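Work through the exercises below with the model open. Each task is followed by a solution in steps.

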Amino acid sequence: MQPEHIRASDADRDQVAERLREALAEGRLSPVELDERLEALYTAKTVGELAPIVADLPAPHGPRTSAADRMSVLGPDARDLAEQSKGSENLVAVFGGCERKGRWLVEPRTNISVLFGGVDLDLREAVLSQNEVTVQLAVILGGVEITVPEGVRVINNTSAILGGAEIHGADRVTDPNAPVIRLTGTCMLGGVEVKSKRPKRRKKSRG
């Protein structure tokens with residue numbers, strides 16, 4: 001098999017995404033161009049399809065930051081939590097509800113299935129397993145509410161059939177180093193709402 005026909009891995013896509021964000025920070029790409037290329041990136045299936053996305057960009061400067069280097073900036077508790085990553089998580093709400101809040105690990109891929117139910121995700125105290133994570137949605141006659149801390153960028157790539165997704169400001173974050181949550185999948189007779197809020201204030205203990 002020729003190299004350009006090899007199926008692209010998540011690591012291959014992460015490297016291309018990192019080059020695109022560096023190009024945005026250097027002024028080589030506009031935010032609109034970044035969105036267009038990221039969309040092409042996540043629909044590419046082979047290594048050959050990834051190459052044209054960065055063909056007009058110079059090679060990245062300096063060594064790439066490894067996952068271990070990124071982990072070193074986390075606190076001990078967050079680092080321990082992130083090291084428990086299994087790669088994906090499935091959340092199901094059928095004629096009921098599902099809630100995740102507080103200190104929890106957001107896997108690189110979270111699959112959410114909703115049928116006549118609802119899911120509430122609060123990411124303000126969560127730990128992202130990597131700088132960009134994907135939330136795959138299958139919502140039928142239900143709803144998903146996602147709360148993210150300020151400064152997190154949310155990219156909506158969902159398809160809607162008599163439904164839709166509302167992103168209240170989180171899609172306008174332009175910091176190239178901002179954590180990214182990418183929404184994919186389908187909403188049919190249902191909806192997704194994303195809100196950006198400040199982290200909860202911890203109550204001071206009385207002594």
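**Exercise 1. Two loop residues with positive phi**

Task: Determine whether phenylalanine 95 is buried or exposed, and find where leucine 189 lies.

Solution. Step 1: phenylalanine 95 has a relative accessible area of 63% and is therefore exposed, where exposed means over 50%, buried under 20% and partly exposed in between (1.4 Å probe, protein chains only). Step 2: phenylalanine 95 sits in the loop between β1 (88–94) and β2 (97–100); strands are DSSP runs of E with at least two residues, helices are runs of H or I with at least four, and both are numbered from the N terminus. Step 3: its phi is near 50°, a positive value in a residue other than glycine. Step 4: leucine 189 belongs to the loop between β12 (180–188) and β13 (191–197). Step 5: leucine 189 also has a positive phi, about 55°, although it is not a glycine. Step 6: with a relative accessible area of 44%, leucine 189 is partly exposed.

The model is predicted, so local features need pLDDT of at least 70 and side-chain atom pairs count only at pLDDT 80 or more, while totals for chains, interfaces and linings use all residues. Residues are numbered from 1 along each chain as its sequence is written, and side-chain values use heavy atoms, with hydrogens and water left out.

**Exercise 2. A helix pair**

Task: Describe how helix α1 and helix α2 pack.

Solution. Step 1: two packed helices are described by the angle between their axes and the distance between the axes. Step 2: for α1 (residues 10–25) and α2 (residues 31–41) the angle is about 175° and the axes are 10 Å apart; axes are lines fitted to C-alpha atoms, for helices over the stretch in contact, and angles run from 0 to 180 degrees between N-to-C directions. Step 3: α1 and α2 are therefore roughly antiparallel, the class for angles over 145 degrees. Step 4: α1 contributes Arg13, Val16, Ala17, Leu20, Arg21 and Leu24 to the contact, and α2 contributes Pro31, Leu34, Arg37, Leu38 and Leu41; contact means heavy atoms within 4.5 Å. Step 5: by class, this contact has eight nonpolar, no polar and three charged residues.

**Exercise 3. Strand β5 and the loop after it**

Task: Which residues does leucine 121 touch, not counting those up to four places away in sequence?

Solution. Step 1: leucine 121 is in strand β5 and is buried, at 3% relative accessibility. Step 2: it touches Leu91, Arg100, Trp104, Ile112, Glu145, Ile146 and Thr147. Step 3: its C-alpha atom is separated by 7.8 Å from that of valine 144, 23 residues apart along the chain. Step 4: arginine 124 is in the loop between β5 (118–122) and β6 (127–128), and its relative accessible area of 18% makes it buried. Step 5: the side chains of arginine 124 and aspartate 122 are joined by a polar contact of 2.7 Å; such a contact is a pair of N or O atoms within 3.5 Å, and within protein one must be able to donate a hydrogen and the other to accept it, with residues adjacent in sequence counting only if both atoms are side-chain atoms.

**Exercise 4. Threonine 158**

Task: Place threonine 158 and list its contacts beyond four places in sequence.

Solution. Step 1: threonine 158 is in the loop between β9 (153–156) and β10 (159–161). Step 2: threonine 158 is buried at 18% relative accessibility. Step 3: a polar contact of 2.6 Å links its side chain to that of asparagine 156. Step 4: the contacts asked for are Leu137, Ala165, Leu183, Thr184 and Gly185.

Definitions and conventions. Angles under 35 degrees count as roughly parallel, over 145 as roughly antiparallel, 65 to 115 as roughly perpendicular and the rest as oblique. Ala, Val, Leu, Ile, Met, Phe, Trp, Tyr, Cys and Pro count as nonpolar, Asp, Glu, Lys and Arg as charged, and the others, Gly among them, as polar.
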